[in-house]
Amino acid sequence: MFDLHCRTCDQAFVAGPSSFASLHHTTDGLIGYARCPTGHVNVVNFHVRVHPVEAEGSRVTAA
Ligand SMILES: [Zn+2]
């Protein structure tokens, strides 16, 4: 479940699995299209929520 905000009707709503019209893997990560209760489609960027920082430089290798 995700707490989202519809840009069109300017109200908060909770999106469950059935609220997502589609999911897409992009070069920037996973994005989804979630419908608010009124039916507006909002883009959700999962990579921003799940992986706020994922830099290759942070990887540490023990020698
Ligand atoms: Zn809406």
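The following paragraphs describe the fold of a predicted model, from its overall make-up to its strand pairings and one turn.

The protein chain holds one helix and five strands. Followed along the sequence, these elements come in the pattern β-β-β-β-β-α. Confidence is worth a look before the details: the mean pLDDT of the protein chain is 83, and 75% of the residues score at least 70. Among the elements, β2 has the highest mean pLDDT, at 94, whereas helix α1, covering residues 46–50, has the lowest, at 66. Burial is scarce in numerical terms, with 3% of the 63 residues counting as buried. Of the contacts with a separation of 6 or more, 23% are made by residues 24 or more positions apart.

Turning to the N-terminal strands, β1 and β2 form a hairpin with four residues between them. Their pairing is antiparallel and runs over five bridges. One of the pairs that can be picked out on screen joins aspartate 3 to valine 14, its bridge partner in β2.

The turn of this hairpin deserves a closer view. Aspartate 10 lies in the loop that links β1 (2–6) to β2 (11–15). Most residues other than glycine have a negative phi. Aspartate 10, although not a glycine, has a positive phi of about 55°. Is this residue buried or exposed? Aspartate 10 has 7 C-beta neighbours inside 10 Å, and a residue with 12 or fewer is classed as exposed, so aspartate 10 counts as exposed.

The other three strands make up an open sheet in the order β3-β4-β5, with antiparallel pairing. Within this sheet, β3 (20–26) and β5 (41–45) occupy the edges; each has a single partner strand, so one side of each is left without a neighbour in the sheet. From one strand to the next, the twist averages 20°. Strands of a sheet pair through backbone hydrogen bonds, in either a parallel or an antiparallel sense. For β3 and β4 (residues 29–35), the sense is antiparallel, and the pairing extends over six bridges. A handy place to find this pairing in the structure is histidine 25, which stands opposite leucine 30 in β4.

Taken together, the model shows a hairpin of β1 and β2, an open sheet of three strands in the order β3-β4-β5, and a helix, α1, at residues 46–50.

Note on methods:
Residues numbered from 1 in each chain as written. Predicted model: local features only at pLDDT ≥ 70, side-chain atom pairs only at ≥ 80, totals over all residues. Pairing = 2+ DSSP bridges. Helix = DSSP H or I, 4+ residues; strand = E, 2+ residues; numbered from the N terminus. Axes fitted to C-alpha atoms, helices over the stretch in contact; angles between N-to-C directions. Buried ≥ 20, exposed ≤ 12 C-beta atoms within 10 Å, placed from the backbone. pLDDT = per-residue confidence, 0-100. Contact = placed C-beta atoms within 7 Å.
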